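Here are some worked exercises to try with a viewer open. Have a go at each task before you read its solution.

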Amino acid sequence: MGNHSVDEEFAFDPQDSSKAKNFELMDRIRASKPVCHPGPSLTLTTRYNDTRDAFMDAVKYSSVGDMRAPGVTVPIEESFLGEIDAPLHPKIRMILMRCFTPRAALNAEVWTRGEVRRRLQAFKDAGGGDLMAALSVVLPGSVSAHVMGVPDAEHDQMMEWCSELLHSTWPAHGKTERGVGIAGAFPEFAAALDALIQERQEAGPNAPDDLITTMVQTKDENGWSIGAQHVRTLMVNILSGSLSATYMLGNLQYRFVRDPAFQQILRDDPSKIPAAVDESLRFEAPVAFLFRTAREDGEIGGVPVPKGEHIMLGIAAANRDPEVYPNAGEFRLDRKNPAPHLALGVGSHVCLGNHLTRMVGRVVLEEMIALFPQGSLQFKPGWEWHCVAHPMEYGPETLDLLVK
């Protein structure tokens, strides 16, 4: 492990969201010491090129343990895709990619649009409420569940269980007070997922054409397939991965209501909606950072990085690097050929659901424009923006609105 000194001027605990998601602090670090040490055995990147290159080098920088507490290891079958290295990672990813294509996202659009309309209409009929709870928190996971092949009637319960899991000790420690692993800690959730897996196993060639079937039945050229326990973990992974889309939606909806000029631009020219989605992902990245571990001695941006060092890859900071994005601290819809942002990852671990995420963002903005006239959505008196209470995620905890 590294024995470097901590940069006291910029020292902070990555779990302290008031610092880890502070754009102004990251701007100061990038300008003064772009690769720094905010804590013992911890290296932070804030520049675009340093962060991108570290993400791209999956050989030198391991993903294992990315989401776990220091010293915690879990069985491979209980590991999310993002915390698995080669050679297993590409084998699983090749199977999953069959269902995460641009065409698959387009195929899911009709169902998604119907779900968005239904939830927004209910929100309008109720005269408002918390739009995060009414749409943003539930929709992305529901879209993922639809693609997987989970029956519509089970979506809300699945996402309720998923939320309980994500807010428990399981992500950091692989267990809770109830037991070890997903089955021990969340037996009802595991049983529901296992039932869907068993259905695909027993249906054979008559199984529905969906992601669960693909994971259960696909074999590679050597006859290898993903085991049932790991399929269950990956189903949880895919459902929980919808959080990034949740806070992307929250950020977009907040801007839609707060900034009438932004809203009017999209009303006047809907072709700018995809750019609005991507600029939001860049400017207010819903995942502020991810971790890697150095497999060997090396350096990042000219700064030595010893073997065993934890690397905090500053996605949000890199996305605001003025060397890459002119006027990086401004939300702009007129960027000419901008560099690909890092909000959805890059390299071998790029988010599988990136096409779905963009589609969901576009559809939600289109349907909000269709249903809510300019000025009809207003913040409830006394409501204040508070960032979600999660160390890595960035977006509003609530969006309390009135429909006029």
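Two strands count as paired if DSSP finds at least two bridges between them. Helices (H or I, at least four residues) and strands (E, at least two) are DSSP runs, numbered from the N terminus. This is a predicted model, so local features need pLDDT of at least 70, side-chain atom pairs count only at pLDDT 80 or more, and totals for chains, interfaces and linings use all residues. Residues are numbered from 1 along each chain as its sequence is written, and side-chain values use heavy atoms, with hydrogens and water left out.

**Exercise 1. Work out the strand order of the open sheet and what S2 pairs with.**

Step 1. Start with the order: the open sheet has 5 strands, running S1-S2-S10-S7-S3, with mixed pairing. The edges are strand S1 (35-39) and strand S3 (61-62), each pairing on one side only.

Step 2. Take S2 (residues 42-45) and look towards S1: these two pair in the antiparallel sense over 3 bridges. Val35 stands opposite Thr45, and Cys36 has Leu44 as its bridge partner.

Step 3. Now look towards strand S10 (residues 310-314), where S2 pairs in the parallel sense over 4 bridges. Here Leu42 has His310 as its bridge partner.

**Exercise 2. Decide which residues of S2 lie on each side of the sheet, and whether they are buried or exposed.**

Step 1. Recall the rule: in a regular strand the side chains alternate between the two faces of the sheet.

Step 2. Apply it to S2: Leu42 and Leu44 sit on one side, Thr43 and Thr45 on the other.

Step 3. Check the cover. All four are buried, so both faces of S2 are covered; buried means under 20% relative accessible area, exposed over 50%, partly exposed in between (1.4 Å probe, protein chains only).

**Exercise 3. Find the non-glycine residues Ser41 and Asn337 and compare their settings.**

Step 1. Ser41 is in the loop between S1 and S2, a hairpin with 2 residues between the strands. Its phi is positive, about 55 degrees, and at 14% relative accessibility Ser41 counts as buried.

Step 2. Asn337 is in the loop between H18 and H19. Its phi is also positive, about 50 degrees, but Asn337 is exposed, with a relative accessible area of 77%.

Step 3. While you're on backbone oddities, check the peptide bond from Ala86 to Pro87: it is cis, with omega near 10 degrees. Pro87 belongs to the loop between S3 and helix H4 (88-96).

**Exercise 4. Trace what surrounds Asn319 and Tyr325 in their loop.**

Step 1. Asn319 is in the loop between helix H18 (315-318) and helix H19 (354-371), and Tyr325 is in that loop too.

Step 2. Asn319 is buried at 0% relative accessibility, and Tyr325 is buried at 2%.

Step 3. List contacts (heavy atoms within 4.5 Å). Leaving aside neighbours within four places in sequence, Asn319 touches residues including Leu281, Arg282, Tyr325 and His341. With residues up to four places away not counted, Tyr325 has among its contacts Tyr48, Arg282, Asn319, Arg335 and His341.

Step 4. Check one distance: Tyr325 and Arg335 are 10 residues apart along the chain, and their C-alpha atoms are separated by 8.5 Å.

**Exercise 5. Explain why H17 is described as largely enclosed.**

Step 1. Count: 8 of the 11 residues of helix H17 (residues 273-283) are buried, so the rest of the structure largely encloses this helix.

Step 2. Name some: Ile273, Val277, Leu281, Arg282 and Phe283 are among the buried ones.

Step 3. Find the cover, which includes helix H2 (23-32), helix H15 (243-258), helix H16 (260-268) and H19.

**Exercise 6. Put the whole chain in perspective.**

Step 1. Take stock: the protein chain has 19 helices and 12 strands. Its radius of gyration is 21 Å, close to the 22 Å that the globule rule gives for 404 residues, so the chain is as compact as a globular protein of that length. That radius is taken over C-alpha atoms, and the rule is 2.2 Å times the number of residues to the power 0.38.

Step 2. Add the extent: the C-alpha trace spans about 60 × 55 × 40 Å along its principal axes.

Step 3. Finish with burial and contacts. Of the 404 residues, 54% count as buried, and among contacts between residues at least 6 apart in sequence, 70% join residues at least 24 apart.
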